[in-house]
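Please look over the sequence and the model below before reading on. The briefing is written for someone meeting this structure for the first time.

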Amino acid sequence: MADREIREVRPAHPSRDGDGVAIQRVTGMQHAGMDPILMIDELRSEHREDFAGGFPPHPHRGMQTLTYMKHGGIIHQDRQGNRGEIRGGGAQWMSAGRGIIHSEMPTQDSAGLHGFQLWVNLPASEKMSEPRYRDVPRDALTHWQGEGAEAVVIAGEWGMPSGAVPGPLVELAERAAVLDLQLDPGARITLSVPAEENLVGYIYDGGLRDRDRVIPARHLVVTGPGERFELAADAAGAGVLLMRGQPLREPVAHYGPFVMNTMDEIERTLRDYQSGQFP
């Protein structure tokens with residue numbers, strides 16, 4: 001079995017989105033090594049003014065979102081009548097399909113917030129499908145523990161040292177797998193990974209050792225091909241959000257909250273939204 005190597009390190013960039021929410025963002029709209037992951041946002045602040053405005057009603061088409069909260073609470077509402085509230089450790093998944101308008105707002109008792117939102121691409125054949133939504137509370141996610149390591153399995157099946165461990169979010173697993181991994185200081189772990197899938201990891205705490213360097217938090221590592229991936233924590237330990245999926249290898253046209261395959265499709269999406277055709 002071939003070992004994967006870290007081929008690229010991409011820094012997160014501070015930004016603001018929604019109603020002034022402070023985020024750290026890594027984008028990969030045209031990045032072959034991240035496909036089908038389009039974007040990773042980390043939301044993290046102890047100051048309510050950094051996130052109190054939340055993400056008021058806004059549209060999406062052509063992609064999926066996964067919101068995973070480690071601390072604090074988020075409320076999802078959309079115009080199809082879906083409403084879900086998750087608190088520390090829960091996840092919300094939405095496939096925008098042909099179009100949906102939704103909001104994501106922090107709960108009133110969230111004194112601090114730490115979470116992630118991932119954008120996962122949909123293939124061209126599914127971009128105009130019906131929107132779907134599901135929330136998964138913390139207790140419904142799969143929790144794994146090993147020597148010097150613990151993990152929350154959100155979606156997909158992960159090859160842990162003890163064997164295959166599946167996550168409950170089967171809807172996202174059709175396209176992507178997500179694992180939240182925490183390593184003790186100096187700990188190592190080797191994961192089995194499907195050779196045909198891309199694998200990336202966003203470091204949110206501590207750092208990873210890679211040969212003679214340490215890759216610190218707020219960086220994304222992009223791996224090369226292989227069937228195993230070893231992660232080694234620095235002296236401070238490491239928290240890593242791992243994401244993998246079968247690359248779509250399709251063109252990406254992106255404009256704001258819309259992800260299609262051509263600019264003609266983006267222009268049609270804008271016309272649909274402006275004419276009130278989004279549910």
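What follows covers one sheet and one helix.

This is a predicted model, in which local features need pLDDT of at least 70 and side-chain atom pairs count only at pLDDT 80 or more, while totals for chains, interfaces and linings use all residues. Residues are numbered from 1 along each chain as its sequence is written, and side-chain values use heavy atoms, with hydrogens and water left out.

**The sheet**

- Seven strands (DSSP runs of E, at least two residues, numbered from the N terminus) form an open sheet in the order 2-3-4-11-6-9-12, with antiparallel pairing, where two strands pair if DSSP finds at least two bridges between them.
- Strand 2 (13-17) and strand 12 (132-136) are the edge strands, each of which pairs on one side only.
- Strand 9 (residues 91-95) pairs with strand 12 in the antiparallel sense over five bridges, and Trp93 stands opposite Arg134 in strand 12.

**Helix 2**

- Helix 2 (residues 263-274; a DSSP run of H or I, at least four residues) has 12 residues that should span 16 Å at 1.5 Å a residue, counting one less than the number of residues, and its end C-alpha atoms are 16 Å apart, which agrees.
- Ile266, Thr269 and Asp272 of helix 2 are buried, meaning under 20% relative accessible area with a 1.4 Å probe and protein chains only.
- The face of helix 2 turned away from its buried side carries Asp264 and Gln274, which are exposed, that is, over 50%.
- Just after helix 2, Gly276 takes a positive phi of about 80°.
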